[in-house]
Amino acid sequence: MRTIAVANSNETRIVIAGGSGFLGLSLAESLHKNGVQVTLLSRNRPSSASDAHHVQWDGRSDGEWRQCLSGADGLVNLAGRSVDCMKTPDHRDEIYRSRVESTRALGRAVRTVDSPPPVWVQMSTAHIYGDPPTAVCTEGSEFGTGLAPDVGKAWEHAFQESVLPEQRSVILRTGFVLGRDRGAGAGALGKLGRLARIGLGGTVGSGNQGMSWIHEADMNGLFKGALFDKSMSGIYIASAPNPVSQKQFMKDLRSAVGMPFGLPAYEWMVRIAAPLILRTDPELALYGRYVKSARLEADGFPFAFAHLPAAFKDLFGPATESRCSQQ
């Protein structure tokens, strides 16, 4: 994969739908460092996105917000309710609808503006492959079954129906993105880091479940490649090339935060504590998957953080700017 040239010009503008969360703010910050204008589409303007223009959007309705798409150089769709929650019927429904309905609304919008973005980058999930215990999944692997794979399939189907024929389209099936807190939380890593620091970051269940991860700098590098490298199109797994077991993940995390031990959590303990204390789904911790991108490997994508200890050292070391922040 050739080096991505990001136009260092205030004339370049990218729209990030659902951009008020950790991932959107990280991408907005990274693009801004390249002189790119960013427009965030979300319900509320995040306080930490002072360099981005904010346009209010509920993720479903049509409206005047669609005019921000006209003349934009690219669209990134990250909209969707967090899966880090208890899977009540209401939450399951919202996880599904927030992804499908927002994608369809964007599809209607690009059909009504004079100059739609020439490229649409769509978030998806590596959970589309399900939770195979040992298999390493690549882009061509079979899909799994259950809520998350079904949501992933519906999400991608809505995108395929919504993207314009003339738009270059890229789908990123994303693993666990590791990054810093920007006022919108650092995703699940922040919660895991706190548990590790107090000695609770041990093996969960069998500890053999897969943890497929990617550092935010590499994730932003993939977003930029998808936006600005015209050779990129189609489906990619957005994950580092070295997934690890949950047991190894927590061992490396404890090392990064300086905690020499971590109490294990048996499956029955997780099934009780996750909903009562952490207010989340126990299966997020008990199951996982090993994925890696055959396409990125073939293209020679330059991962700055291909191994987990280096990623954690960057994120939990001294509070200095990541050396890849301008990637």
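Which residues form a nonpolar patch on the surface? In this predicted model, the patch consists of Tyr266, Trp268, Ile272, Leu276, Ile277 and Leu278. Together these residues have about 710 Å² of accessible area. One of them, Leu278, belongs to helix α7, which covers residues 267-278. Leu278 has a relative accessible area of 33%, so it counts as partly exposed; the class runs from 20% to 50%.

The patch is part of a protein chain with 10 helices and 13 strands. The radius of gyration of this chain is 19 Å, and the globule rule gives 20 Å for 327 residues; the chain is therefore as compact as a globular protein of that length. Its C-alpha trace spans about 60 × 40 × 40 Å along the principal axes.

Contacts and burial describe the chain further. Of the contacts between residues at least 6 apart in sequence, 78% join residues at least 24 apart. Buried residues account for 51% of the 327 residues. On the outside, the protein chain exposes about 14,700 Å², with 52% of that area supplied by carbon and sulfur atoms.

The cysteines are a separate topic. A disulfide is a covalent bond between the sulfur atoms of two cysteines. The structure holds 0 disulfides. Cys68 has a relative accessibility of 12% and therefore counts as buried, the cut-off being under 20%. Cys137 is also buried, because its relative accessible area is 5%.

Conventions. Residues numbered from 1 in each chain as written. Predicted model: local features only at pLDDT ≥ 70, side-chain atom pairs only at ≥ 80, totals over all residues. Heavy atoms only, no water. Patch = residues over 30% accessible without salt bridge, like charges linked within 9 Å, V, L, I, M, F, W, Y side chains within 5 Å. Areas by Shrake-Rupley, 256 points an atom, 1.4 Å probe, with all protein chains shown as cover. Salt bridge = Lys/Arg side-chain N within 4 Å of Asp/Glu carboxyl O. Helix = DSSP H or I, 4+ residues; strand = E, 2+ residues; numbered from the N terminus. Buried < 20%, exposed > 50% of the residue type's maximum accessible area, 1.4 Å probe, protein only. Rg over C-alpha atoms; globule rule 2.2 N^0.38 Å. Contact = heavy atoms within 4.5 Å. Disulfide = S-S within 2.5 Å.
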